[in-house]
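Let's take a walk through a protein chain together. Have the sequence and the 3D view ready, and follow along as we go.

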Amino acid sequence: MSTEELREEQQFVSGLYARLDALREEAESAVQASLAQVGNGSQARLERDVMVAEQSGLLAAFDTGENGLCFGRLEFRDGRDHHIGRIGIRASDIERTPLVIDWRAEVARPFYLATGHTPMGLRRRRHITSEGRRVTALHDEILDLTDTTRTGHEAADADEVLLAALDSARTGRMHDIVQTIQAEQDRVIRAPHQGVLVVEGGPGTGKTVVALHRAAFLLYAHRELLAKRAVLVVGPNPAFLGYIGEVLPALGETGVLLATIGELFPGVTATGAETPAAARVKGRVEMADVLARALRDRQQLPEPGAPLIVEHDDGELILDWEIAYEARDAARAADLPHNLARPTFAFHVIDALTRQLAERIGHDPYGGPNFLGPDDIAQLGKAVAVSAEVHAAIEQLWPTLTPERFVTEFLAEPVHLADADADAVRRAPGAAWTSADVPLLDEAAELLGVDDSAERARAEARWQREVAYAQGVLDVSYASRTYEFEDKEETDPEGAEVLLAHDIMDAERMAERQEEADHRSAAERAAADRTWAFGHIIVDEAQELSAMAWRLLMRRSPTRSMTLVGDPAQTAESGGVGSWQDILAPYVEDRWEYARLGVNYRTPAEIMDLAAEVPRAAGVVGFEPPSSVRATGVRPWARRVDDLASAVGDVVAAEAPEGGRLAVIAPRALHEELAGKLPDVTAGAEPDLTRAVVLIDPRQAKGLEFDSVVVVEPAWYGTSDLYVALTRATQRLGILTSGALPDALASLLQPRR
Ligand SMILES: Nc1ncnc2c1ncn2[C@@H]1O[C@H](COP(=O)(O)OP(=O)(O)OP(=O)(O)O)[C@@H](O)[C@H]1O
């Protein structure tokens, strides 16, 4: 009975792969055919590119389906019977009957939500486990208790598939969980896309993996909107983004931008390190006001009684306090960003200097009216307006600023900050940008505005050239008309009408077609555009973001369609904002939803119980540890040693899991010394998480996980860093110290009875 079921399922799955192969072949030949198409016209090229992009997207989706194409089956009481898979596939028949249903479709939901208590119309739910294209196991759950038929694959423990997934060795890359999404997670993944959803949960509750599946779900459910506007996923550091980088492609989604805050100002690469004190100051919301005030300081006036003297062909011009004051008033009244208000300032200065000049030149010594007429004055005005010296004076008072220049100069001489804060952020020009600088640059860009009038003028000139070129092309084709026509008449006795380019297209339209279409994906275009408005933003480790970083992100999400996941108990010392309410109130008041994930799928109970002592002992307000879904029977251990580096080397040699990953989490100051004792490890390098042994500090450990973890010198860490470090292991945890352990862990060193 049971092998028969397995055989039938294998037959179905093999048929499915055959269909996948046929679809893949179709797409491949379509790509080949398009690429082979002759025709160099821009329209032909465009159509070919679009076709290739479409088919390549399909191919990527088919490759996604290659592993675990079909992982579930739902048999309903009303006779409906659906297979569930990573992607949806239809048969080649005329009705295009669905063979396997995409996990994100509504009809697949009972796969994740149905219980014996609420069977959602299900009779039986089957988990299909495979290796490559071979079905290796079936696990059935009977949800209709009146059903007495049995398949021989009824799972003794409904969580067998989940537990097998959780126990598997880690690879250094996060995997998708489509086969085992749990009900509380499914509700988060499929929550409505409008508005702000906050997802809170302790370590290992699946916040990250759920957030990524949510991105995939939203792209499926709202593809029209989101494929155009793109989804942004913000993570804490590049190593973390590398760690999660394969989940969305494995779910068939490549159009998502993964970025850290430090990567969100196009043109700037944040490579510098920041002291915690400087990060704190730069992250405070008051910085917005400080920068605004610093910028007003850049809109200067000459000292009263010490005007700027501007050399001019018709005599000296005197740019004094009054002229500058009135011009500045008028420019500020325009209520525009600094660079956009500058023309108003310049106009008023030029106008005043022209009047000054006219009064001097046309002055009648006998008290009569000015000799100059309006035309003369206009001439004088033109000369003043194009004077390089006048412009230099204007630039001195109201400089054109880039965000980079303004922030560099501000950090060199931080104004409007308390002395201690100014000392913390002061930095010589030329230093590398840091992540904490990026929100300041973004704020500056808002305050400055982009004066794109020059770029617009260039674009217009470019356009005119294209039109002129197109006109030339049309003229050539028109000139050859007689020749072609005669040719045609000779070979075509019917004298069939020949339409020439001129008859159907004018130069402007032709230029439009010539213009290179932007073939970049929405995510690529978004990455290069500071003012891009994303369709949805997902923020992981959201508790870490500073108030200034929130301002940046909110600008990228004018519709406030966001999913924020985080755990306040894991907030780094120099990091984030207090409560979700504090973060969100300025932007959405209290209009946000809250969901909590309470089960830890990573850390076994033995390790979680120990780790929970750390925030508890520190009296972290509102701390609620998640409950571990499994216990392994392996207790964490601690050892006090004299020679720390040698001990770490010995422990790693003994503990490194077969085929799995081990992390040594140690304070930065010890990395140099420890690296020498570890295989293939270089201190200071960006960690390669796919290596068998990794050396990281607690900040780098954020969001990551390993089969086995050795924490070194825990007494050196703050509460949240220690809590993060202790909750990274899926199987084993060991602690090495050269001194005393923090109180919360002290029991580990006491002899057990
Ligand atoms: N439903 C599930 N099925 C299988 N594995 C799961 C499931 N939910 C979570 N996991 C696994 O649990 C581990 C922890 O998940 P994840 O990293 O998303 O947790 P987290 O809440 O972001 O943790 P942290 O706050 O510590 O970074 C991952 O290996 C993830 O694949």
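Here is a tour that starts with the whole chain and ends with a few single residues.

**Before we start**

This is a predicted model: local features need pLDDT of at least 70, side-chain atom pairs count only at pLDDT 80 or more, and totals for chains, interfaces and linings use all residues. Residues are numbered from 1 along each chain as its sequence is written.

**The whole chain**

The protein chain has 29 helices and 21 strands. Helices (H or I, at least four residues) and strands (E, at least two) are DSSP runs, numbered from the N terminus. Of its 753 residues, 37% count as buried. A residue is buried if 20 or more other C-beta atoms lie within 10 Å of its own, exposed if 12 or fewer, and partly exposed in between, with C-beta atoms placed from the backbone. What about contacts between residues at least 6 apart in sequence? In the protein chain, 73% of those join residues at least 24 apart. Two residues are in contact if their C-beta atoms, placed from the backbone, lie within 7 Å.

**An open sheet**

Six strands form an open sheet in the order S3-S4-S2-S1-S5-S6, and the pairing is mixed. Strands S3 (89-90) and S6 (134-142) stand at the edges with a single partner strand each, so one side of each has no neighbour in the sheet. Two strands pair if DSSP finds at least two bridges between them. S3 and S4 (residues 98-102) pair in the antiparallel sense over two bridges, and Ile89 stands opposite Val100 in S4.

**Strand S13 and its partners**

Now look for S13 (residues 562-566). Five of its five residues are buried, so the strand is largely enclosed by the rest of the structure. In a regular strand the side chains alternate between the two faces of the sheet. In S13 both faces are covered: Met562, Leu564 and Gly566 are buried on one side, and Thr563 and Val565 on the other.

S13 pairs with S7 in the parallel sense over five bridges, with Val196 opposite Met562. S13 also pairs in the parallel sense with S12 (residues 536-539), over three bridges, and here Ile538 stands opposite Thr563. To get from S12 to S13 the chain passes through helix H24 (residues 547-555), and this β-α-β crossover is right-handed. Right-handed means that, with the strands pointing away from the viewer, the path from the first strand over the helix to the second runs clockwise.

H24 has buried residues of its own: Met548, Ala549, Trp550, Leu552 and Leu553. They pack against several elements, including strand S8 (231-234), helix H10 (276-283) and S12.

**The annotated site and the ligand**

An unreviewed UniProt entry carries the annotation "binding site" for Gly201, Gly202, Pro203, Gly204, Thr205, Gly206, Lys207 and Thr208. UniProt positions are given in the numbering used here, feature names are shortened, and annotations may be inferred rather than shown by experiment.

Thr205 sits in the loop between strand S7 (196-201) and helix H6 (207-221), and Gly206 is in the loop between S7 and H6 as well. Leaving out residues up to four places away in sequence, Thr205 touches Leu597, Gly598, Val599, Asn600, Tyr601 and Pro626. With that same exclusion, Gly206 touches Gln185, Leu597 and Tyr601.

Which residues come nearest to the ligand? Of the 23 residues around it, they are Thr180, Pro203, Gly206, Lys207 and Thr208. Being near here means having a C-beta atom, placed from the backbone, within 6 Å. Helix H4 (160-167) and H6 are the elements that give two or more residues to this shell. The shell residues divide into eight nonpolar, eleven polar and four charged. Ala, Val, Leu, Ile, Met, Phe, Trp, Tyr, Cys and Pro count as nonpolar, Asp, Glu, Lys and Arg as charged, and the others, Gly among them, as polar.

**Buried or exposed?**

Here are four loop residues side by side.

| Residue | C-beta neighbours within 10 Å | State |
|---|---|---|
| Thr205 | 27 C-beta atoms | buried |
| Gly206 | 26 C-beta atoms | buried |
| Asn370 | 14 C-beta atoms | partly exposed |
| Ala273 | 10 C-beta atoms | exposed |

Asn370 lies in the loop between helix H13 (338-361) and helix H14 (374-385). Asn370 and Pro429 are 59 residues apart in sequence and 52 Å apart in space, C-alpha to C-alpha. Ala273, in the loop between strand S9 (256-259) and H10, is 159 residues from Ala432 in sequence and 8.2 Å away in space, C-alpha to C-alpha.
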